[in-house]
Amino acid sequence: MQTIAVDGPAGAGKSTIVKRVAKKLNILYCDTGAIYRAVARYLLENGYQNFLELASEKQMTVLDEIKIEVTYEEGIQIVILNDQKLTDDLLRTEQISNFTSEINQNQNIKNLGNQIFRTIAKRYNVIMEGRDITSVVLPDATLKVYLTASVEERAKRRFLQLQERGILDKTLDELIGLTKERDDRDMHREVAPLIIVEDAVQIDSTYMSEEEVAEKIVEAYHQKTN
């Protein structure tokens, strides 16, 4: 199977760009976040809101109750949790979003997620994006990409997104500060920190369009596979 692993800081445009690349190369996009959301949904539904307070052994016992399968229908990822097909409206509630953010750096949950991601990569030609895909999840990926942009540009993109949604609770300067704080957390966290692996193709999208970045990744992929 051919795999593309894309890492980079928040706001670099990874999700949008990898979807473009998936269409251009006719491969599948693995939404890793949806799988963590499925775990969060199970924990919330079954009364494990205090999951992070449990001893590691108990956490692993709880996670053993979870069976997640991923299939694709017409190129769209379908997450099946304990034989229940989960639609976006079941995965993308505010409560699940908040709880997913709390739990997804837990080592036991990361281990479960990584196991699922690697199984997907063995079955399908896929592209995945995140913070530790090149370094931890798929260290033997066909192509590894580190996608970034300047702090100011990433904050500006976030500002425009919020503006489009009618959410104006942060100034651009505040978002720049928050982006710097997020970068520092991601790069110095204990579990799978954000790093640039030695053999990654580095792309700075500060002055590039999404289409230009996608084409550059496609070109790098063809260079690797031809």
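This passage describes a sheet, a pair of packed helices and several loop residues in a predicted model.

Three strands make up an open sheet, with the order β3-β4-β5 and antiparallel pairing. Strands β3 and β5 form the edges of this sheet, each pairing on one side only. Averaged over neighbouring strands and with direction ignored, the turn of one strand against the next is 35°. Strands of a sheet pair through backbone hydrogen bonds, in either a parallel or an antiparallel manner. Between β3 (residues 68–73) and β4 (residues 76–81), which run antiparallel, there are 6 bridges. Among the residues of this pairing, Ile68 has Leu81 in β4 as its bridge partner, and Tyr72 stands opposite Gln77 in β4.

The side chains of a regular strand alternate between the two faces of the sheet. In β3, the covered face carries Ile68, Val70 and Tyr72, whereas Glu69, Thr71 and Glu73 belong to the uncovered face. Ile68 and Tyr72 of the covered face thus recur in the pairing with β4, where Ile68 is bridged to Leu81 and Tyr72 faces Gln77. Helix α2 (residues 32–45) lies across β3, β4 and β5, and the angle at which α2 runs to β4 is about 25°.

Positive phi values occur at several residues, including one in a hairpin and two in loops. The hairpin of β3 and β4 has 2 residues between the strands, and Glu74 in this hairpin takes a positive phi near 55°. Asp83 lies beyond β4, in the loop between β4 and β5 (84–86). Although Asp83 is not a glycine, its phi is positive, at about 75°. Asp83 has a relative accessibility of 69% and therefore counts as exposed, the cut-off for exposed being over 50%. Asn26 is located in the loop between α1 (14–25) and β2 (28–30). Asn26 is likewise not a glycine and has a positive phi of about 55°. With a relative accessible area of 72%, Asn26 is also exposed.

Packing between helices was examined for α3 and α6. Two packed helices are described by the angle between their axes and by the distance between the axes. Helix α3 (residues 56–63) packs against helix α6 (residues 107–123) at an angle of about 35°, and the axes are 9 Å apart. The crossing of α3 past α6 is right-handed. On the α3 side, the contact is made by Ser56, Gln59, Met60 and Leu63, which meet Asn108, Ile109 and Leu112 of α6. Of the residues in this contact, 4 are nonpolar and 3 are polar, with no charged residue present.

A further loop, between β8 (201–204) and α10 (210–225), contains Thr206. The relative accessible area of Thr206 is 12%, so this residue is buried, the limit for that class being under 20%. The side chain of Thr206 has a polar contact of 2.5 Å with the side chain of Asp204. A polar atom of the Thr206 side chain also lies 2.9 Å from the backbone nitrogen of Ser150. When residues up to four places away in sequence are not counted, Thr206 touches Thr148, Ala149, Ser150, Glu153 and Arg157. Ser150 thus appears both among the residues touched by Thr206 and as the owner of the backbone nitrogen at 2.9 Å from its side chain. Thr206 is buried in its loop, whereas Asn26 and Asp83 are exposed in theirs.

Definitions and conventions. Residues numbered from 1 in each chain as written. Predicted model: local features only at pLDDT ≥ 70, side-chain atom pairs only at ≥ 80, totals over all residues. Heavy atoms only, no water. Axes fitted to C-alpha atoms, helices over the stretch in contact; angles between N-to-C directions. Helix = DSSP H or I, 4+ residues; strand = E, 2+ residues; numbered from the N terminus. Left-handed = near helix turned anticlockwise from the far one by under 90°. Contact = heavy atoms within 4.5 Å. Nonpolar A, V, L, I, M, F, W, Y, C, P; charged D, E, K, R; others polar. Buried < 20%, exposed > 50% of the residue type's maximum accessible area, 1.4 Å probe, protein only. Polar contact = N/O pair within 3.5 Å; in protein donor to acceptor, adjacent residues only side chain to side chain. Pairing = 2+ DSSP bridges.
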